[in-house]
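Biologist: I'd like to go through this one with you and hear what stands behind each label. Shall we start with a single residue?

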Amino acid sequence: MRSVWGIHMPKTVGDAPVRDGYACIGWPTMGDIFAIPNDRDAYKTKLREAYPDKKLGAIPVEAGTVFRFAQEVAVGDVMVFPSKHDRLVNIGEVTGKSWHDPGNEHVGEDYPNFLGVD
C-alpha cells in the first residue's frame with residue numbers, strides 16, 4: 001500500500017521541484033541525512049550534535065521528520081506539494097532516488113536533502 005506524504009518547500013524554489021522532479025528538506029548542518037544509519041536514535045543524536053541549542057522537546061519531533069523523509073518515504077509513495085510560488089497543489093510519485101546537494105541553485109544551502117519525484 002502506498003503512503004501519502006506532504007511536503008512544504010520555500011517560495012524561492014519556484015516551479016523547480018515540479019520541473020526538475022524533486023522534493024527537498026533542510027537541516028543542512030546534519031549533512032547527508034541519507035548516510036545516517038536507519039535508526040531513530042541515530043537521527044536524534046545527529047540532530048542534537050548538529051544543533052546543540054535546540055530545545056530538548058524539539059529533538060524527537062524534528063529528528064522524526066528527517067528520519068521519515070530519509071528512511072520511510074518509499075518508491076511509489078505519493079508526494080503532495082502545495083506550492084507557495086503559484087498556489088497550485090502538485091501531486092507526484094516518489095522515484096526512490098535520493099541525494100544530498102548543499103549547493104542547489106534553486107534552494108541554496110538551506111535545503112540540501114532531496115528525493116526524486118515524478
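Modeller: Sure: S83 sits in the loop between β3 and β4 (89–100), where strands are DSSP E runs of at least two residues and helices H or I runs of at least four, numbered from the N terminus. This is a predicted model, where local features need pLDDT of at least 70, side-chain atom pairs count only at pLDDT 80 or more, and totals for chains, interfaces and linings use all residues. Residues are numbered from 1 along each chain as its sequence is written, and side-chain values use heavy atoms, with hydrogens and water left out.

Biologist: Why does S83 count as buried?

Modeller: Buried means under 20% relative accessible area (exposed is over 50%, partly exposed in between; 1.4 Å probe, protein chains only). S83 has 7% relative accessibility, so it counts as buried.

Biologist: What makes the link between the side chains of S83 and D86 a polar contact?

Modeller: The rule asks for a pair of N or O atoms within 3.5 Å; within protein, one must be able to donate a hydrogen and the other to accept it, and residues adjacent in sequence count only if both atoms are side-chain atoms. S83 and D86 are joined at 3.1 Å, so the pair qualifies.

Biologist: Which residues is S83 in contact with, leaving aside neighbours within four places in sequence?

Modeller: G14, L88 and N90, with contact meaning heavy atoms within 4.5 Å.

Biologist: And what does Y43 touch, not counting residues up to four places away in sequence?

Modeller: Y43 touches M30, I33, I36, P37, A63, V66, F67, A70 and Q71.
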